[in-house]
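Biologist: I am new to this structure and would like to walk through it with you. Could you show it to me, and then let me ask how you arrive at your descriptions?

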Amino acid sequence: MFKRHRSLASERKREIFSRGVTRSMLKNDLRNFHCLSQLVLSAGPLKSAPVVKHAKTVHFEIEILDAQTRKQICIVDKVVQTSTIHDVKQKFHKACPKWYPSRVGLQLERGGPFLKDYITVQSIAASSIVTLYFTDLGQQVSWTTVFLVEYTGPLLIYLLFYLRIPYIYDIKESSRRLRHPVVHLACFCHCIHYIRYLLETLFVHKVSAGHTPLKNLLKGCAFYWGFTSWIAYYINHPRYTPPSFGNRQVTVSAINFLICEAGNHFINVILAHPNHTGINACFPSPNYNPFTWMFFLVSCPNYTYEIGSWISFTVMTQTLPVGIFTLLMSIQMSLWARKKHKIYLKKFNSYMHRKSAMIPFIL
């Protein structure tokens, strides 16, 4: 009996020991599995990351020749495919410092159109070697400078004649004769017109960042400044005679002048909107402003209002120089309007139904 009890006790001890061992083994296994899982998670995916293949950068070599002599001027190398003509001009300027970018004109063919600065090299390249022809455009000035100089001159010149500075008119005759009210009104309207031009150039118009030859500035100044001197001399002359129909003619013309000036300003504000400029432009559409309803009839209402202003000024002052200036301006603006009208027909044919270029139902 005693031996049997011993054997039972020893079997129980073995069972308890075996259970403890198994529990400790299970705990160790769980710990090992937990550590292994943490190691796998921290290591990331088992698959190796794909190898990124970098695309080869294509370089172009641009040979620049003289457009007249066909002699090689320089070679611009290592030009990437995303480079523009403006970038090529910058590198050309580094190679030939005497020609700055705004003076450089590049052509794909001799006698062909000059390439725009925004054109990419890839779009014109037929191979890795591109040949361009160089033309010296001469002394250049920015468009903003052109407009500011052209419009500042008439403003100041007219005021000099209005103040009747010495050596322009006879001093005794100027002191004897009183000025008609239309002379003061004409000065006011003329100043309003060119002040509006200057303010719109600075704050409304999106003037191109390009340049134009200096000779164009000289031509514009000669035209505007010369006609302003002629107009101002006659209107401010001591012997100037008022309009035939008196104050009624002056009043109606002055009101019409101010209406046209306001209409011209509102049209220019619409044209300066981002949706109406650039490659993805849409045709300007009228809004709640009655001055913009002219878009229903013509494609270039800013020219319509401009001509209306000068016709009103001609009737108000009743002078020959103003009439000649108005006629020349009408001819020039009609040419600009027709050119723009053709461009609008190509881009916005569905919006141009029954529209005229500048004068409703006529032109």
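Modeller: Gladly! Let us start with a term: pLDDT is the predictor's confidence in each residue, on a scale from 0 to 100. We need it here, as this is a predicted model.

Biologist: How do you know which stretch at the start of the chain to treat with caution, and how many contacts does it have beyond four places in sequence?

Modeller: Residues 1-6 keep a pLDDT under 50, and the model gives them zero contacts beyond four places in sequence. Contact here means heavy atoms within 4.5 Å. Where pLDDT is low, the predicted coordinates should not be read in detail.

Biologist: What is the average pLDDT of the protein chain, and which elements have the lowest and highest means?

Modeller: The protein chain averages 80, and 79% of its residues score at least 70. Among its elements, helix α1 (residues 2-43) has the lowest mean, 50, while helix α9 (residues 301-317) has the highest, 95.

Biologist: Now the strands, please. What is the order of the strands in the sheet, and what is the pairing called?

Modeller: The order is β2-β1-β4-β3, four strands in an open sheet, and the pairing is called mixed. Strand β1 (residues 59-66) pairs with strand β4 (residues 129-136) in the parallel sense, whereas β1 and β2 pair in the antiparallel sense, as do β3 and β4.

Biologist: How do you know that β1 and β4 count as paired?

Modeller: Two strands pair if there are at least two bridges between them. β1 and β4 have six bridges, so they meet that cut-off. Glu61 is partnered with Ile129 in β4, and Leu65 with Tyr133.

Biologist: And how many bridges join the antiparallel pairs?

Modeller: β1 and β2 are joined by six bridges, among them His59 with Val80 and Ile64 with Cys74. The hairpin of these two strands has five residues between them, and there Arg70 takes a positive phi near 65 degrees. β3 and β4 share four bridges, and Gly105 stands opposite Thr135 in β4.

Biologist: Back to the sheet as a whole: what is its strand order, and which strands stand at the edges?

Modeller: In the order β2-β1-β4-β3, the edges are β2 (72-80) and β3 (104-107). Each has a single partner strand, so one side of each is left without a neighbour in the sheet. Neighbouring strands are turned by 30 degrees against each other on average, direction ignored.

Biologist: Which helix lies across these strands?

Modeller: That is helix α2 (residues 85-95), which lies across β1, β2, β3 and β4 and runs at about 130 degrees to β2.

Biologist: Let us move on to helix pairs. What makes α4 roughly parallel to α7?

Modeller: The axes of helix α4 (residues 143-162) and helix α7 (residues 214-235) come within 9 Å and cross at roughly 20 degrees. Angles under 35 degrees count as roughly parallel, so α4 is roughly parallel to α7. α4 passes α7 in a right-handed crossing. The contact includes Val146, Tyr151 and Phe161 of α4 and Leu217, Trp225 and Ile235 of α7. By class, this contact has 15 nonpolar, five polar and one charged residues.

Biologist: Why is α6 called roughly parallel to α8?

Modeller: Helix α6 (residues 181-203) and helix α8 (residues 246-271) have axes that come within 11 Å and cross at roughly 5 degrees. With the cut-off under 35 degrees, α6 is therefore roughly parallel to α8. Residues that meet here include Leu185 and Arg196 in α6, and Phe257 and Glu261 in α8. This contact has seven nonpolar, four polar and three charged residues.

Biologist: And what makes α8 roughly antiparallel to α9?

Modeller: The axes of α8 and α9 come within 8 Å and cross at roughly 160 degrees. Angles over 145 degrees count as roughly antiparallel, so α8 is roughly antiparallel to α9. Their crossing is left-handed, and the residues of the contact divide into 11 nonpolar, 10 polar and two charged.

Conventions: Residues are numbered from 1 along each chain as its sequence is written. This is a predicted model: local features need pLDDT of at least 70, side-chain atom pairs count only at pLDDT 80 or more; totals for chains, interfaces and linings use all residues. Side-chain values use heavy atoms; hydrogens and water are left out. Axes are lines fitted to C-alpha atoms, for helices over the stretch in contact, and angles run from 0 to 180 degrees between N-to-C directions. Angles under 35 degrees count as roughly parallel, over 145 as roughly antiparallel, 65 to 115 as roughly perpendicular and the rest as oblique. A crossing is left-handed if the near helix is turned anticlockwise from the far one by less than a right angle, and right-handed if clockwise. Ala, Val, Leu, Ile, Met, Phe, Trp, Tyr, Cys and Pro count as nonpolar, Asp, Glu, Lys and Arg as charged, and the others, Gly among them, as polar.
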